[in-house]
Amino acid sequence: MEQFSLDPTATENVWQGVLAIGALNILVSILILIIGRWIAQWLSRMAEKAMGRANVDHTLRNFAISILYYLLLFIVIIMALNNLGFSTTSIVAVLGAGGIAVGLALKDSLSNFAAGAMIIFFKLYKVGDFVEVAGATGSVREVRIFNTLLETPDRKLVLVPNGQVLSANITNYTESPTRRLDMVFGISYDDDLRHAKRVLQEIVAADERCFTDPAPTIAVLELGDSSVNFAVRPIVKNEDYWDVKFDITERVKLRFDEEGISMPYPQRDVHLFKAELKEEIKAEA
């Protein structure tokens, strides 16, 4: 019976062919990753320009571009793995199972992600707004996927998880182009009430940054323990809010001094008795 034997040269040629095909597939997969990544970046830039021409909100534009880029990159990776002979169906199934496990482990992060999408979609606030969220107050520097970056008036940066933002009240101070100043000034009970009110009206009227329509409110707010308190509430532009507040406060103090109007402060009278007088009082009792 004739024995069958493999030709060593032929076997070596087969292995070389297999290795050549494997190396070619690896090279093609690398090219798919490189070219695919470049295409993903190019498409993301094109989408960003298109949304810019459509005047899409800056925050929503950045969020959408990030999602689009990573989605395209995921497709490119699947294509590269498929070229290497991996079953993409199995990969997707494994990723799905892994996604469930990761989702359970990162439920708080996913909650922040969903909250970030809702904040951007419903435009609860945008970059540049001055807001109060989850106990933090400041200007919105950036709305990220998982958190919101605020810059406080004293230049501190605060990261607020988006999930906490939606679970509490949101106060947006700059949604309207105007804002009301709420100031309180007190005068002594001995001062002329009408005179003080007239002085406050003149101070507010002299500031061109205070709106005349609607007219500012200047009225007696309360009869305090040691002063008669006036509420001074003009309407100003958002960008003038702090400047007007500082200026009017300074002018009120200077004008009150010129007009002889006193601004009382809480006082306490302390009566001292000598020990001998106390003993006499006790003896008489």
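The legends below describe close-up views of a predicted model.

**Figure 1. Overview of the predicted model, with eight helices and ten strands.** The protein has 285 residues, and buried residues make up 26% of them. Contacts between residues at least 6 apart in sequence were also examined, and 64% of these join residues at least 24 apart. The views that follow look at parts of helices α1, α6 and α7, and at some aromatic residues.

**Figure 2. Helix α6, residues 193-206.** The helix is made of 14 residues. From its first C-alpha to its last it reaches 20 Å, close to the 20 Å expected at 1.5 Å a residue. Its buried residues are Ala196, Val199, Leu200, Ile203 and Val204. These residues lie on the same side of α6, because they cover an arc of only 130 degrees around the axis. The face turned away from this buried side carries the exposed residues Arg194, Ala205 and Ala206. At the start of the helix, a side-chain oxygen of Asp192 comes to within 3.0 Å of the backbone nitrogen of Arg194.

**Figure 3. Surroundings of α6 and the loop before it.** Three strands and one helix pack against the buried residues of α6: β7 (183-187), β8 (217-223), β9 (228-233) and α7 (241-259). The loop between β7 and α6 contains Ser188. Ser188 has a relative accessibility of 14%, so it counts as buried. Apart from its neighbours within four places in sequence, Ser188 is in contact with Ser262 and Pro264.

**Figure 4. Helix α7 and its buried face.** Helix α7 has 19 residues. The distance from its first C-alpha to its last is 27 Å, close to the 27 Å expected at 1.5 Å a residue. Tyr241, Val244, Ile248, Val252 and Phe256 are the buried residues of this helix. They line one face of α7, because they fall within an arc of 85 degrees when seen down the helix axis. Phe246 and Glu258, on the other side of α7, are exposed. The elements that cover the buried residues include β6 (178-180), β7, α6 and β10 (235-237). Gly260 follows the helix and has a positive phi, near 75 degrees.

**Figure 5. Aromatic residues of α7 and a charged neighbour of Tyr241.** Tyr241, Trp242 and Phe246 form one aromatic cluster. Two members of the cluster differ in their setting: Tyr241 is among the buried residues of α7, whereas Phe246 is exposed on the other side of the helix. Arg179 lies over the face of Tyr241, at 3.8 Å from the ring centre.

**Figure 6. The ring pair of Tyr69 and Tyr70.** The structure holds four aromatic pairs. In the pair shown here, the ring centres of Tyr69 and Tyr70 are 5.3 Å apart and the ring planes are at 70 degrees, so the pair is edge-to-face. Tyr69 is buried, because its relative accessibility is 16%. Tyr70, with a relative accessible area of 55%, is exposed.

**Figure 7. Ser44 in helix α1.** Ser44 counts as buried because its relative accessibility is 5%. Leaving out residues up to four places away in sequence, Ser44 touches Ile65, Leu68 and Tyr69. The last of these, Tyr69, is also part of the edge-to-face pair with Tyr70. Ser44 and Ser66 are 22 residues apart in sequence, and their C-alpha atoms are 8.1 Å apart in space.

**Figure 8. Ser29 in helix α1, residues 8-53.** Ser29 has a relative accessible area of 4% and is therefore buried. When residues up to four places away in sequence are not counted, Ser29 touches Ala80, Asn83 and Leu84. Its side chain reaches the backbone oxygen of Ala80 at 3.1 Å. Met79 is 50 residues from Ser29 along the chain, and the C-alpha atoms of the two residues are separated by 7.9 Å.

Note on methods. Residues are numbered from 1 along each chain as its sequence is written. This is a predicted model: local features need pLDDT of at least 70, side-chain atom pairs count only at pLDDT 80 or more; totals for chains, interfaces and linings use all residues. Side-chain values use heavy atoms; hydrogens and water are left out. Helices (H or I, at least four residues) and strands (E, at least two) are DSSP runs, numbered from the N terminus. The expected span of a helix is 1.5 Å times one less than its number of residues. Buried means under 20% relative accessible area, exposed over 50%, partly exposed in between (1.4 Å probe, protein chains only). The arc is that of the directions from the helix axis to the C-beta atoms. Contact means heavy atoms within 4.5 Å. A polar contact is a pair of N or O atoms within 3.5 Å; within protein, one must be able to donate a hydrogen and the other to accept it, and residues adjacent in sequence count only if both atoms are side-chain atoms. Rings of Phe, Tyr and Trp (its six-membered ring) pair if their centres lie within 6.5 Å; planes under 30 degrees apart count as stacked, over 60 as edge-to-face and the rest as tilted. A charge sits over a ring if NZ of Lys or CZ of Arg is within 6 Å of the ring centre and within 35 degrees of the ring normal.
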